[in-house]
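User: Hi! Could you walk me through how some of the labels for this model were reached?

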Amino acid sequence: MTTDQSNSLKLLFLSTPVGAIGSGVGGGVELTLTNIAQEMLRRGHIVTIVAPSGSVVKNISVIEIAGELQTPAQTQTRDEPIILPKNSVLANMWDYARQVQSDYDLIVNFSYDWLPLYLTPFFSCPIAHLISMGSLTDAMDSIIEQVATNFLGTVGVHTLSQAQTFTFADKCRCLANGMDLSIYQFCSQPSDFLAWVGRIAPEKALEDAVAAAQITGIPLKIFGFKQNEQYWQEICQKYADAPIEYLGFLPTEELQKELGKCRALLVTPRWVEAFGNVAIEALACGVPVIAYRRGGLTEIVKDGETGFLVEPDSVDGLVSAIRQLDNIDRLACRQQAETEYSQQAMGDRTEQWFRDILRGIRQYI
Ligand code: HBI
């Protein structure tokens, strides 16, 4: 659906305050924001992005805001109080949004932080909140619930299993996710190695994938932002002779070239993965996904068709799935990505969400 000028929306996107877009620190939400922004532009809407200094998004104007980055929420304990550093980039981003809000029809919050949710009633411009992770801390749970209750329909999530980590799942709007599949080239003939992609941090349980590589003897290529150096060192020591190679955090274009050549992507989350962008990227290249039966991946991987869902935290489960990879048709993987996770499909779901919020807000006023 494209949009003529009459009902094109003026959208202000506020990114995650944990890192600049393109740094990899923001993980999946950097990709999510960029994809939705590019799709909204393609549909004729006007999009402005507000993000920490150093952020870069192809073909889209970014208002870069200085200030101290926010601590990643997944490193916090459940009862951790809300902490804002002095000269907080999060506070500075939202002060900018306050000043310009009358130039926009809708603000879209992509951060997983308390402040934007708390500020919602203080804004005259409607705010859509795309919550990108499951339940992590008590303070976040209660403020998200408050907004989901008082501004019904404005809290979006990626999957049902992510929503179900909150007590207010019924008040969340499921959007799944999507990406520009034209960047991802289908590869029908893989080389003999496996891949693991993600932020290298304990909640992603890279060690299980390394253990499976050691048992099967199939080399494992590792891609992603090394968020926790000590955790990485511990894995290298514990699995000193595992056939692994770390290739760093690659831009999407290069990542998909390497990813497409693998026999399978291993996804080993210790936590409830809200969605699993990396799984879609693999499917788009024709790469089967072997994932723990946990979180958003259970709503993506078609067990036995486009990959395998295995017993959570079971390395043996990973190994037996790897041994059945020849039963998977790589074209079926690509076709699933095209049907369910294209930028167009996500754009339809997201634009409908925006319009429903605006209609809803107009009804309240
Ligand atoms: N932590 N405080 C905070 N804010 C975020 O926006 C945030 C985060 N941790 C991880 C993260 N965003 C993204 O990597 C995920 O939402 C995908």
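Analyst: Happy to! H9 and H11 are labelled oblique to each other, and do keep in mind that this is a predicted model.

User: Why are H9 and H11 called oblique?

Analyst: Helix H9 (residues 277-284) and helix H11 (residues 330-340) pack at about 125°, their axes being 7 Å apart. Roughly perpendicular covers 65 to 115 degrees and roughly antiparallel needs over 145, with the rest counted as oblique once roughly parallel, under 35, is set aside. The pair is therefore oblique.

User: Which residues of H9 and H11 meet?

Analyst: From H9 come Ile 280, Leu 283 and Ala 284, and they meet Cys 333, Arg 334, Gln 336 and Ala 337 of H11. By class, this contact has 5 nonpolar, 1 polar and 1 charged residues.

User: What makes the pairing of Ser 132 with the ligand a polar contact?

Analyst: An N or O atom in the Ser 132 side chain is 2.3 Å from a ligand oxygen. The cut-off for a pair of N or O atoms is 3.5 Å, so the pair qualifies. Gly 26 has a backbone N or O atom 2.7 Å from an oxygen of the ligand, and a polar backbone atom of Thr 71 is 3.0 Å from a ligand nitrogen.

User: How much of the ligand does the protein bury?

Analyst: Alone, the ligand exposes 390 Å², and the protein buries 95% of that.

User: Which residues come nearest to the ligand?

Analyst: Of 17 residues around the ligand, Thr 16, Gly 26, Gln 74, Asp 113 and Ser 132 come nearest. The shell divides into 7 nonpolar, 9 polar and 1 charged residues.

How values were computed: Residues are numbered from 1 along each chain as its sequence is written. This is a predicted model: local features need pLDDT of at least 70, side-chain atom pairs count only at pLDDT 80 or more; totals for chains, interfaces and linings use all residues. Side-chain values use heavy atoms; hydrogens and water are left out. Axes are lines fitted to C-alpha atoms, for helices over the stretch in contact, and angles run from 0 to 180 degrees between N-to-C directions. Helices (H or I, at least four residues) and strands (E, at least two) are DSSP runs, numbered from the N terminus. Contact means heavy atoms within 4.5 Å. Ala, Val, Leu, Ile, Met, Phe, Trp, Tyr, Cys and Pro count as nonpolar, Asp, Glu, Lys and Arg as charged, and the others, Gly among them, as polar. A residue is near a molecule or strand if one of its heavy atoms lies within 4 Å of it. A polar contact is a pair of N or O atoms within 3.5 Å; within protein, one must be able to donate a hydrogen and the other to accept it, and residues adjacent in sequence count only if both atoms are side-chain atoms. Accessible areas come from the Shrake-Rupley method with a 1.4 Å probe; for residues, only the protein chains shown count as cover.
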